[in-house]
Amino acid sequence: MRKIIHRAILSIIVLLSIAAPSFATDGYFNTGYGVIQQGQGGAGVALPSDSLVGATNPAGLALVGDRFDFGLTLFRPFRDASITGNELPEGFPDVNGHYDANRVKNFFVPELGFSHSLSPRLALGVSIFGNGGMNTSYTTPIFLLGTTRGGVDLEQLFLSPTIAFKATEHNAFGLAVNIVYQRFSAEGLQNFASPSYSSAPAYVTNTGYSNSYGAGVRVGWLGQLTPIVSVGATFQTETYASKFSRYRGLFAEQGGFDIPANAAAGVSLKVSPEVTVLVDGEGIFYGQVRAIANLDSNQAPLGASDGPGFGWHDIAAIKTGIDYQVTHSLTVRGGYNHSSLPFDGTQTFFNLLAPAVVQNHLHLGATWTSQSGKELSIAYVHAFGENVNGVDSIPPTAGGGNANLHMYQNSIEIGFGWNRNKK
């Protein structure tokens, strides 16, 4: 047990040192957590599969046994934008045209989990994962924003100690405490760094990374209704975080950037001994957080409580998946994830920095399991290209017109798991 704890601590240190940004695809949240879940559409509320289950439904920790899991994702988002119909006065440059936001192309995102059964009914564990994030890095300046190359970088890392308890043979409950580290940087927004636009103009852009820390909880239930049907439900509170002090002139509430609450429910159907079908529904409540939800047309200065934001609203995601155990050692899986768009065409100007427009995702995966309980898993996710065209989204004071957004994504994840209950 001591060796396992030492290994977990070492892994935490490694993850904290190499945690990288991702631009996840249900808004800015990941579609799923763990390579197995990513191979099946992000679904897994009612089907725990590894020790990262605390990120999805902590009740599942009571069923996964003694495990250690590690995954690494190569994530490649492709994002760009265009400006059309802009009419700045004579003497200003023509800003209409295409803008490439892929100066940084590749991101590596690690995750790990650890679980240990203290008794047949009680289990402890920890999940460490990137909740999501966003990155844009334009190759040229966007004159409407500033004089240097624009972009943002948001990273969020969750450390989630988890406890789960089997209340009865068919019902389990779980609790995860989410300890969060996040950091943010912005560049190329000089046009907003003035008293005319910001309550703290020295803290709008190009101030380096700003750090933030926060905490919240996730609770979950998992029940087996019949030998064929299992159901689950989970809720994560809003994660209250310290402010990004270096960007208190940019984000509403003087740099506030809490992480929104979310809730999900799912069903698992074992339609045959080899085939399991999964369906999850999730709601993410972006509208709770002013820095995310405030409209970009708000008239208060940037950084004020009612200052402009990204205009995001609550979204829903439907996740479907299927697992097929081909042989004792090989399982293949696939899935589909659809999420609603977090903002509309009137809000595309500020979202030049956060073009989270993808909605449809194809997931594929497989796991090879040895007799000793060692697992090698892979997953591939493709987010299909989406366009959101602006609807008079650029203010008349900036020449009017439309900011148009486009994005698609690919990711490949590899994971290693060890089920120590198998000998």
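The following exchange asks how the labels given to parts of this predicted model are justified.

Me: How do you know which parts of the model can be read in detail?
Reply: By pLDDT, the predictor's confidence in each residue from 0 to 100: the mean for the protein chain is 92, and 94% of its residues reach 70 or more. Over residues 13-19, however, pLDDT stays under 50, and the model has nine contacts (heavy atoms within 4.5 Å) beyond four places in sequence for them. Where pLDDT is low, the predicted coordinates should not be read in detail. Since this is a predicted model, local features need pLDDT of at least 70 and side-chain atom pairs count only at pLDDT 80 or more, while totals for chains, interfaces and linings use all residues. Residues are numbered from 1 along each chain as its sequence is written, and side-chain values use heavy atoms, with hydrogens and water left out.

Me: Why is Arg67 with Asp69 called a salt bridge?
Reply: The term requires a side-chain nitrogen of Lys or Arg within 4 Å of a carboxyl oxygen of Asp or Glu; the closest N and O atoms of Arg67 and Asp69 are 2.6 Å apart, so the pair qualifies. By this rule the count comes to seven salt bridges.

Me: What makes Asp69 and Arg67 buried or exposed?
Reply: Buried means under 20% relative accessible area, exposed over 50%, and partly exposed in between, with a 1.4 Å probe and protein chains only. Asp69 has 6% and is therefore buried, and Arg67, with 3%, is buried as well.

Me: Why is Arg183 called partly exposed, and what is Glu155 called?
Reply: Arg183 has a relative accessibility of 24%, and therefore counts as partly exposed, whereas Glu155, with a relative accessible area of 8%, is buried. Their side chains meet in a salt bridge at 3.2 Å, N to O, and the pair links distant parts of the chain, Arg183 being in strand 6 and Glu155 in strand 5, 28 residues apart. Strands (E, at least two residues) and helices (H or I, at least four) are DSSP runs, numbered from the N terminus.

Me: How do you know that Arg333 and Asp323 tie together parts of the chain?
Reply: Their side chains meet in a salt bridge, at 3.6 Å from N to O. Arg333 lies in strand 13 (residues 330-339) and Asp323 in strand 12 (residues 315-325), so the pair ties together parts 10 residues apart in sequence.
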